Amino acid sequence: MKPTSSASVPTAPTPPQVPLCDIQAQYRALKEEIDSAVLRVLGSGQAILGPEVAAFEQETARFCGAQFGIGCGSGTDALVLALRALDIGPGDEVIVPPFTFFASASAVARVGAKPVFVDIDPVTFNLDPNQIEAKITANTRAIMPVHLFGQCCDMNAIWEIAQDRQLYVVEDAAQSFGSEYKGKRCGALGSVTCLSFYPTKNLGAIGDAGLVTTNDPSIDKKLRALRVHGSEVKYYHKYIGYNMRLDAIHAAVLRVKLPHVATWLTARVTAAKRYDSLIESTNLHGFMRRPVAQPDRRHTYNQYVVRVPANHRDSLVKHLKDSGVGVEVYYPLSLHQQECFRYLGYRTGDFPTSEQAASEVVALPIFPEITESQQQRVVEVCAGYLRQTIRRAA
Ligand SMILES: Cc1ncc(COP(=O)(O)O)c(C=O)c1O
């Protein structure tokens, strides 16, 4: 039989899709262990807190170099619990960067305190310690360094100010599990540290999960009460607390994953270095500024975030998405410009470095299992965008 004309038309091979993050890869690799951990919880009848959570708390605190770990429902819960445990509330102020995920500042507002924004350092995207002093008032109670994208803040400089002014340091390490500052891991760098195990994080659960670490036994005790409606003894409520407990199923899965985290972090660093050299060898580095890792820190690249000229950002993002490359903009609007924070009285122009970052950043796909050919494809698509733009301008 004669083939029909449509059957004979050769179709171009579809270029590979590259996801922003492949959260199923770790499940595929550890399926048997994860399945049996989940079944163990289902068979135990202990769905919330219990021995699985207690074991996870100890193992994770040890990994971070902290004495205590207090599991909770999410990274956002961890921030609210930490602030409450430090007695931060109405009338108090907390220094926060405006270029971060919403929860860093919303947690401050949710406990009734006032988020006071301080601009970021243009190189690291993190809180600029040189601008903190000017924002401290008699009401300031804490500084919240957010270790954005996987790189720690300048903690010595922040601690110097905090100690001088007797302030707490509340680390938001949601994006930086396993990251290091001068050889010390996040989790042991603040008065308290807040961690998130959202599935795309360096250590990811199968849903929402979080943890607070501390070395202070009285803060540990208060955090444990606050997460169960403020009660130390069942049905006797010392504080008006919350239901912010960690489910055993997440703890069990996280315990399977924890021993692999060090290897996954190394893989993230390798992937980031590969992007660095691919961007350079494709001659993209004039157009696309790569992330800068400070020599005294271990950046773990929860995100690989580049900067491009603001007038190209949205069209590059569209080009990447149209070409099957998963990208994201973390974050398109600085927190001082968010509608819900209008009551704080900030205006556009108040934090120029944050505002500029919000107009230039693009997060490229990164996860421990990303392959060299996937990364080559991402960079090729970026280079294709640039070629197209130059052609159009000529
Ligand atoms: C910097 C930062 N802080 C806090 C959070 C909140 O964590 P969760 O999503 O687990 O509530 C996130 C989550 O993305 C984050 O990136």
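In the predicted model, the face of helix H7 turned away from its buried side carries the exposed residues Asn-156, Gln-163 and Asp-164. On the buried side of this helix, which spans residues 155–165, lie Met-155, Ile-158 and Ala-162. These three residues are on the same side of H7 because they cover an arc of only 65° around the axis. This arrangement can be read against a general property of helices: an α-helix has 3.6 residues a turn, so residues three or four places apart point the same way. The cover over the buried residues of H7 includes strand S4 (140–143), strand S5 (168–172) and strand S6. After the helix comes Gln-166, a residue whose phi is positive, near 55°.

Strand S6, one of the elements that cover H7, also belongs to an open sheet of 3 strands, in which the order is S7-S6-S12 and the pairing is antiparallel. The edge strands of this sheet are S7 (184–185) and S12 (297–298), each of which pairs on one side only. Between S6 and S7 the antiparallel pairing runs over 2 bridges, and Glu-180 has Arg-185 in S7 as its bridge partner.

A second case of antiparallel pairing is found between strand S1 and strand S9 (residues 210–214), which are joined over 5 bridges. Here the bridge partner of Phe-68 is Thr-214 in S9. Strand S1, formed by residues 68–72, is mostly covered, with 5 of its 5 residues buried. In a regular strand the side chains alternate between the two faces of the sheet. In S1 both faces are covered, since Phe-68, Ile-70 and Cys-72 on one side are buried, as are Gly-69 and Gly-71 on the other.

At the level of the whole chain, the domain assignment of the protein gives domain 1, residues 24–260, and domain 2, residues 261–393. The centres of the two domains, taken over C-alpha atoms, are separated by 25 Å, and the contact between the domains takes 32 residues from domain 1 and 30 residues from domain 2. On the side of domain 1 that touches domain 2, the elements that give two or more residues are helix H6 (102–110), strand S3 (114–117) and strand S6 (180–181). The residues on this side of domain 1 divide into 17 nonpolar, 10 polar and 5 charged.

The ligand is surrounded by 15 residues, of which the closest are Ser-74, Gly-75, Thr-76, Ala-174 and Ser-196. Two or more residues of this shell are given by helix H5 (75–85) and also by H6, the helix that likewise contributes to the side of domain 1 touching domain 2. By residue class, the shell around the ligand consists of 5 nonpolar, 8 polar and 2 charged residues.

A contrast to the buried positions described above is offered by Ile-390, which is located in helix H13 (residues 372–393). Ile-390 is classed as exposed because it has 10 other C-beta atoms within 10 Å, and a residue counts as exposed if 12 or fewer such atoms lie within that distance. Between Ile-390 and Ala-103 there are 40 Å in space, C-alpha to C-alpha, and the two residues are 287 residues apart in sequence.

Terms used: Residues are numbered from 1 along each chain as its sequence is written. This is a predicted model: local features need pLDDT of at least 70, side-chain atom pairs count only at pLDDT 80 or more; totals for chains, interfaces and linings use all residues. Domain bounds come from an automatic or database domain assignment. Two residues are in contact if their C-beta atoms, placed from the backbone, lie within 7 Å. Helices (H or I, at least four residues) and strands (E, at least two) are DSSP runs, numbered from the N terminus. Ala, Val, Leu, Ile, Met, Phe, Trp, Tyr, Cys and Pro count as nonpolar, Asp, Glu, Lys and Arg as charged, and the others, Gly among them, as polar. A residue is near a molecule or strand if its C-beta atom, placed from the backbone, lies within 6 Å of it. A residue is buried if 20 or more other C-beta atoms lie within 10 Å of its own, exposed if 12 or fewer, and partly exposed in between; C-beta atoms are placed from the backbone. Two strands pair if DSSP finds at least two bridges between them. The arc is that of the directions from the helix axis to the C-beta atoms.
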